[in-house]
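This report describes one part of a structure for a reader who is meeting it for the first time. Please keep the sequence and the structure in view while reading.

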Amino acid sequence: MSENTTSSDQSIEERGSNRSQRPVSQAFKDFVMSQWAPRGDLGVTPSRAVPFTADRRAALSGRLPGARLVIPAGPLRTRSNDTDYRFRPHSAFAHLTGLGTDQEPDAVLVLHPVEEGTGDPGADGTPSNHHAVLYVRPLAPRDNEEFFADARYGEFWVGARPSLADVETLTGIEARHVDELKDALAKDVGGNGVVLLVVTGADEEVETLVEAIRAEAGVDLAERAEAETADAQASGSTAALDEATLVGTALDGTVLDGTVLDDAVLDDAVLDDAVLVEATSEIRLLKDDLEVEELREAVARTIEGFEAVVRELPRAVAHRRGERVIETTFDANARLEGNAVGYETIAAAGDHATTLHWIRNDGEVREGDMVLLDGGVEVDSLYTADVTRTLPVTGEYTDVQRRIYQAVLDAADAAFAVAKPGARFRDVHAAAMEVIAARLEEWGLLPDGVTAAESLDEDGQQHRRWMVHGTSHHLGLDVHDCAQARREMYLDGVLTPGMVFTIEPGLYFKADDLAVPEEYRGIGVRIEDDVLITADGHENLSAGLPREPEAVEAWMASLRG
């Protein structure tokens, strides 16, 4: 566009950059792209995740042989006008590549099908059924206008991007330019050829590209699914995975309950994008050694954040938005010691603690109240902790606060008692609810004539008025990890060494709750820990943060001098 073009000649998209006043003369371009020393080496070395991600890709390959699997990192997303949110890759992409922090917008991991048993090997050298290629936007040369003119990708604006060779060194995966993606995805698609599957919800443009390739090749997954289902029914097989077979079976084929998952059953499953999304979620149910190490690091940094908050409680009391003092203290630690927070921090004082996801954090922090801090540091690998403590602002619980706190702690301890291999995930919640219901009955809070046993019945559940959420969720790259796993693998699944999840019962008595005594109103308590299932039981990864009320009080006193 020439300098004398009127604004009415500009498209809406072009007008957003009117502030830049960047020179457009050829003389400027010639000069800005010349006289640069050779670029220095970025110093890229192989990630320690390389052998682990090879195993993860092999596990996914074993689930879906013969299909081309497309896992996007996702694009940069606009925050306002021409500014973007800080980039975070999609969790499935991060899990399978080992790329974390803000790596690599627009990249796409593709697992190309090869003859079964001839693909990329896992860490033990066993070949998989796919060959992995990372399609990325590499560093542009300095004689390319991107260098100085592109505010999203240009080196002048965002720093040097890795080259294709750097990406290969870092990840151990073959790297190609993202411009080659379209042709690579379209190869052999159609008819009885390759089935093309994409992780949905990560990158709309990549999904649109996949849909266009399918349409051009005459592939309709819905029609194909109907035909495969009909064929399966006619032959007497099933397209649904058998629940009894799946429960307690590790995704790598390890026998956990005496039953090995039948590969033929998987072969009969109807292939669509949901199957890929499901598979990328389910292969994260069991954490490998590196994932556990990263989660330990996330928990350690989170505990440091809690310590920093306790030191700042006097400042929070003095500030008109004391909850914001707590939030910014915790979040600053997360950014300094990790990548960011794993989710929006809940810093809820007084009655705000009875709002389960209170993230406005603009209230006062008053002496005599409690503050519910629910926070998690996300480390550079993108694994996050998720820990909650309910702390007395003055450093000591009142009698009523202690009574409610102890009930929640007892419920958590009951949940811990059943958290061991062989139990079902749902048993953890059930154990906590038995304690909650019994305590509410003891306090006379259940409706007239309703016992704890009756409340625990499916047709009762009156006790859930004061704890409407579940007791546990899986934890990892997402704070609510593995969310797309099937019910039989998650809620009905058997606890297995390598699983990491939370235990977080609570009681929440709102200020206007007429069903409870006045002294209980405005009190919310949650205690949350991160738990690893081990071969002989469990390990509380967040045990370094005190839980017992007396221990909490002593810990706070030691930090505040």
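## A three-stranded sheet

In this predicted model, an open sheet is built from three strands, which follow one another in the order β13-β16-β17 with antiparallel pairing. Its edge strands are β13, covering 500-503, and β17, covering 537-540, each of which pairs on one side only. Direction ignored, neighbouring strands of the sheet are turned against each other by 40 degrees on average.

The pairing of β13 with strand β16, which spans residues 529-534, is antiparallel and runs over four bridges. Within this part of the sheet, Thr 502 stands opposite Asp 530 in β16.

## A helix across the sheet

Helix α16 lies across β13, β16 and β17, and its direction makes an angle of about 150 degrees with β13.

## The helix pair

Helix α16, made of residues 399-418, also packs with helix α17, made of residues 425-442: their axes come within 8 Å and cross at roughly 150 degrees. Because angles over 145 degrees count as roughly antiparallel, α16 is roughly antiparallel to α17. The crossing of these two helices, α16 and α17, is right-handed.

On the α16 side, the contact is made by Gln 406, Ala 407, Asp 410, Ala 411, Ala 414, Ala 415 and Val 418, while α17 contributes Asp 427, Val 428, Ala 431, Ala 432, Val 435, Ile 436 and Arg 439. Sorted by class, the residues in this contact of α16 with α17 are ten nonpolar, one polar and three charged.

Definitions and conventions: Residues are numbered from 1 along each chain as its sequence is written. This is a predicted model: local features need pLDDT of at least 70, side-chain atom pairs count only at pLDDT 80 or more; totals for chains, interfaces and linings use all residues. Side-chain values use heavy atoms; hydrogens and water are left out. Axes are lines fitted to C-alpha atoms, for helices over the stretch in contact, and angles run from 0 to 180 degrees between N-to-C directions. Angles under 35 degrees count as roughly parallel, over 145 as roughly antiparallel, 65 to 115 as roughly perpendicular and the rest as oblique. A crossing is left-handed if the near helix is turned anticlockwise from the far one by less than a right angle, and right-handed if clockwise. Contact means heavy atoms within 4.5 Å. Ala, Val, Leu, Ile, Met, Phe, Trp, Tyr, Cys and Pro count as nonpolar, Asp, Glu, Lys and Arg as charged, and the others, Gly among them, as polar. Two strands pair if DSSP finds at least two bridges between them.
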